[in-house]
Every structure is written in structure tokens, then in C-alpha cells.
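Here's a quick look around one structure, with an eye on where its ligand ends up. Have the model open as you read.

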Amino acid sequence: MFKKILVAFDGSEHARRAAQIAGDMARLNKDTELWLVCAMDILPAELGKPFIDELITERTHIGTEMLQQAKEIIGEKVVIHEEMLFGPPAESIMNVANGNNCDLIIMGTRGVGGLKGLLMGSQIQKVISLSDIPVLAVK
Ligand code: ATP
Ligand code: MG
């Protein structure tokens, strides 16, 4: 049974289903905990400081709302470690997974990017190629 599950959330329909599954899996076993990851875009360093401050405030606000949305979907009776990170999604997800010895990653096959032609989004593809632990791709 998986005990440390990372669920990656970007607010998309697929990610919502991923969060639902993560919550259900965690409720099956009282020892299972979730790491809920929302990664915000990198802030371009060349922007001036007032803009960076404004962007950080705005992204932090969006990230907080996304975490809240995901927690509501995951539901009750689950231990959730919230991780809002500023950085590229796949690398942020891998850092949290490796740093906490997670044993499963749950993600949507697609996200908010919306390139319909491809089988899967670029971030999940990257995670699958980088990860040594199982990745559950939710359709
Ligand atoms: P692309 O980003 O390549 O244009 P996409 O958005 O359709 O395409 P991905 O970004 O790979 O596809 O999204 C697949 C899954 O990855 C999402 O359902 C979600 O679980 C996770 N994910 C994507 N972006 C983030 C993010 N910023 N933070 C956390 N999880 C994310
Ligand atoms: Mg995306």
C-alpha cells in the first residue's frame, strides 16, 4: 500500500480527478499521507523589483486558492502537506517527491495547457521520465 502520495494540482479537470483519486486512496489506509503540490511559473529575473513583488503577491494568491480547491476535492480525514513552489512544475514535483521519499505520484494526463493533439502534457511526460517511483496518470 502506498504511504506517501504526491498529488500534483494545476486546477485542470484532469488534476481534479487526480486529487479525487488521491483522496480516496489516502482514506483507504490511515497511515497514508498526501503531499499536495502546486507549482507557480518561474518569475523572470529581468523584470524590475516592483513587478516581481506584484507578481509574487498575485501568484501566491492564485496558488493559495488552488491549494484550497484541491483540499476540498481531496476531502476529509486525510493528512495533507501543502507545497506551493515557485518554479517549473515537473522539477518542483520531483523535488518534493525525492525530498519526502514519496512512493507514488498522481497527476493528470493533461493540464491547463490544452494542446489536444498530444497523448500527454509536457510536465507529466517529464515526471515519468525523471521518476524512479510509479506515476499514476489520470485520464
Ligand atoms: P503543457 O503544460 O505541456 O502545455 P498540459 O498543461 O495539458 O500541457 P501538463 O502540464 O503536463 O499538461 O499537466 C499534466 C498534469 O501535471 C496536470 O493534470 C497536473 O496533475 C500536473 N501539473 C501540471 N502543471 C502543474 C503545476 N503548475 N503544478 C502542479 N501540478 C501541475
Ligand atoms: Mg501544463
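## Where the ligand sits

Ligand 1 sits in the largest pocket. Keep in mind that this is a predicted model, so to speak a computed picture from start to finish.

Which elements give two or more residues to the shell around ligand 1? They are S2, H3, S4 and H4.

## The pocket itself

The largest pocket has a volume of about 680 Å³. Its lining draws two or more residues from each of these elements: strand S2 (33-40), helix H2 (49-74), helix H3 (89-99), strand S4 (104-108) and helix H4 (122-130).

Altogether, 28 residues line the largest pocket. If you want to find its centre, look for Asp10, Pro89, Gly111, Val112 and Gln123, the lining residues that lie nearest to that point. Sorted by class, the lining has 16 nonpolar, eight polar and four charged residues.

## Who surrounds the ligand

Now zoom in on ligand 1 and its neighbours. There are 21 residues around ligand 1, and Ala8, Ala39, Arg110, Gly113 and Ser122 come nearest. What is the make-up of this shell by class? The shell around ligand 1 has 11 nonpolar, eight polar and two charged residues.

## Polar contacts and burial

Three of those nearest names turn up again here. Ser122 uses its side chain: an N or O atom there is 2.5 Å from an oxygen atom of ligand 1. With Gly113, the backbone does the job, as one of its polar backbone atoms lies 2.7 Å from an oxygen atom of the ligand. Ala39 also offers a polar backbone atom, this time 2.8 Å from a nitrogen atom of ligand 1.

How much of ligand 1 does the protein bury? Taken alone, the ligand exposes 610 Å², and the protein buries 88% of that.

Note on methods: Residues numbered from 1 in each chain as written. Chains lettered and ligands numbered in written order. Predicted model: local features only at pLDDT ≥ 70, side-chain atom pairs only at ≥ 80, totals over all residues. Heavy atoms only, no water. 1 Å grid on protein atoms, 1.4 Å probe; cavity = no way out; pocket = protein on both sides within 12 Å on 5 of 7 lines; lining within 4 Å. Points joined across faces, edges and corners; volume = space filled by probe spheres on them. Helix = DSSP H or I, 4+ residues; strand = E, 2+ residues; numbered from the N terminus. Nonpolar A, V, L, I, M, F, W, Y, C, P; charged D, E, K, R; others polar. Near = heavy atom within 4 Å. Polar contact = N/O pair within 3.5 Å; in protein donor to acceptor, adjacent residues only side chain to side chain. Areas by Shrake-Rupley, 256 points an atom, 1.4 Å probe, with all protein chains shown as cover. Sits in = over half its atoms within 2 Å of the grid points.
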